[in-house]
Amino acid sequence: MFNWSLSNKPLNLIGGLDFKYRMAEEKARRFIQSSDMPDSQAYCANYGAHRPGMSMREVAEYYSKWASEYEHDLSQDRYLGPFYACKAVAEEYPITSTDRKSVRILDVACGTGFLGEKLRAEGFATVDGLDPSDKMLEVARKKQIYSELYCEFMSASALPITNDKYACVVVAGGMGEGHIPCAAVPEMVRIVQPGGYVIIVMREEYLTHVQEYAGRLEECFLKLQNEGKWKRCSRAVVPKYSFDNNGVIFKFKVC
């Protein structure tokens, strides 16, 4: 099993960052020490992708090394992000009133295709995927669930995607240390057609524990609303998003 070990790391791993980041590491250590071996190893592997101070490129490289074990480690009994994300998308496109086959969706941070599989099972036939890890995309490509795959970072830089291409952009598991920055959010809006949706599903504690997001991410959301770019439809906290951690689901309708 691919594993990044936390058990032998000192508690000053986070160095000079704020106390709350050290507390996040301590929480991870407590979970690892109190869990059985499979859960402990899976949590540790996931934590390795969210270490404070990681760059986006380091994160992508980590996921590439983890790709062959990712689906084993983050099985649905440990990670419900794709389930919550699929449910959130399906709620906006009821099968009774929508031709789901025609709804074009971009799965951002698609990884090996967990969410893509669930969307296809719900009748969404036009789903593209985007992820910066080539090895994760190799796994996703074999499933033949995506119409198109982009090996790209979701950042402030313009994607090779035209304006208003998608009815919905959905992110599940793409937020965290060294993951999608606040500056990438306007780029999501750019590629969604007016009346479409941006749906972001993430671990709730990242709003305060991740330096990039603390006091900034929800302010970014509000700024876009005040500028008339989108309107927030809902903000919902959900249980057991990842292991025992709550998640939060943001839904925005693009103007």
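Visitor: Is I200 buried or exposed, and why?

Guide: A good place to start! This is a predicted model, and in it I200 has a relative accessibility of 0%, so it counts as buried. You will find I200 in strand β5, which covers residues 192-203.

Visitor: Which residues does I200 touch, not counting residues up to four places away in sequence?

Guide: I200 touches V171, M175, M188, F221, V248, I249 and F250. You can also look at backbone positions: the C-alpha atoms of I200 and G173 are 8.7 Å apart, while 27 residues separate the two along the chain.

Visitor: How should I think about nonpolar side chains in general?

Guide: In soluble globular proteins, nonpolar side chains tend to be buried together. Here, the largest nonpolar core has 45 residues, and V89, I105, F124 and I199 have the most contacts inside it. At least two residues of this core come from each of α2, α3, α4, α5, α6, β4, β5 and β6. A second, separate core has 35 residues, including Y150, I180, V185 and W230.

Visitor: What is V89 in contact with, leaving aside its neighbours within four places in sequence?

Guide: Its partners are I105, L119, F124, C168, V170 and I199.

Visitor: How do α4 and α5 pack?

Guide: Their axes are 9 Å apart and make an angle of about 40°. The two helices are therefore oblique to each other, and their crossing is right-handed. On the α4 side, P82, F83, A85, C86 and V89 make the contact; on the α5 side, F114, L115, K118 and L119 do.

Visitor: And how do I read a pair of aromatic rings?

Guide: Such a pair is described by the distance of the centres and the angle of the planes. This structure holds 15 aromatic pairs. Take Y63 and Y70: their ring centres are 6.3 Å apart and their planes are at 65°, so this pair is edge-to-face. Both Y63 and Y70 are buried.

Visitor: Which kind of pair do W66 and Y70 form?

Guide: W66 and Y70 are edge-to-face, with 4.9 Å from centre to centre and 75° between the planes. W66 is buried, as is Y70.

Visitor: Why are W66 and Y70 separated by about one helical turn?

Guide: Because they are four residues apart in helix α3, which spans residues 56-73.

Visitor: Which residues do ring pairs link into a cluster?

Guide: The cluster is made of Y62, Y63, W66, Y70 and F114. You have already met F114, in the contact between α4 and α5.

Definitions and conventions
Residues are numbered from 1 along each chain as its sequence is written. This is a predicted model: local features need pLDDT of at least 70, side-chain atom pairs count only at pLDDT 80 or more; totals for chains, interfaces and linings use all residues. Side-chain values use heavy atoms; hydrogens and water are left out. Buried means under 20% relative accessible area, exposed over 50%, partly exposed in between (1.4 Å probe, protein chains only). Contact means heavy atoms within 4.5 Å. Rings of Phe, Tyr and Trp (its six-membered ring) pair if their centres lie within 6.5 Å; planes under 30 degrees apart count as stacked, over 60 as edge-to-face and the rest as tilted. A nonpolar core is a set of buried Ala, Val, Leu, Ile, Met, Phe, Trp, Tyr and Cys residues joined through side-chain atoms within 4.5 Å. Axes are lines fitted to C-alpha atoms, for helices over the stretch in contact, and angles run from 0 to 180 degrees between N-to-C directions. Angles under 35 degrees count as roughly parallel, over 145 as roughly antiparallel, 65 to 115 as roughly perpendicular and the rest as oblique. A crossing is left-handed if the near helix is turned anticlockwise from the far one by less than a right angle, and right-handed if clockwise.
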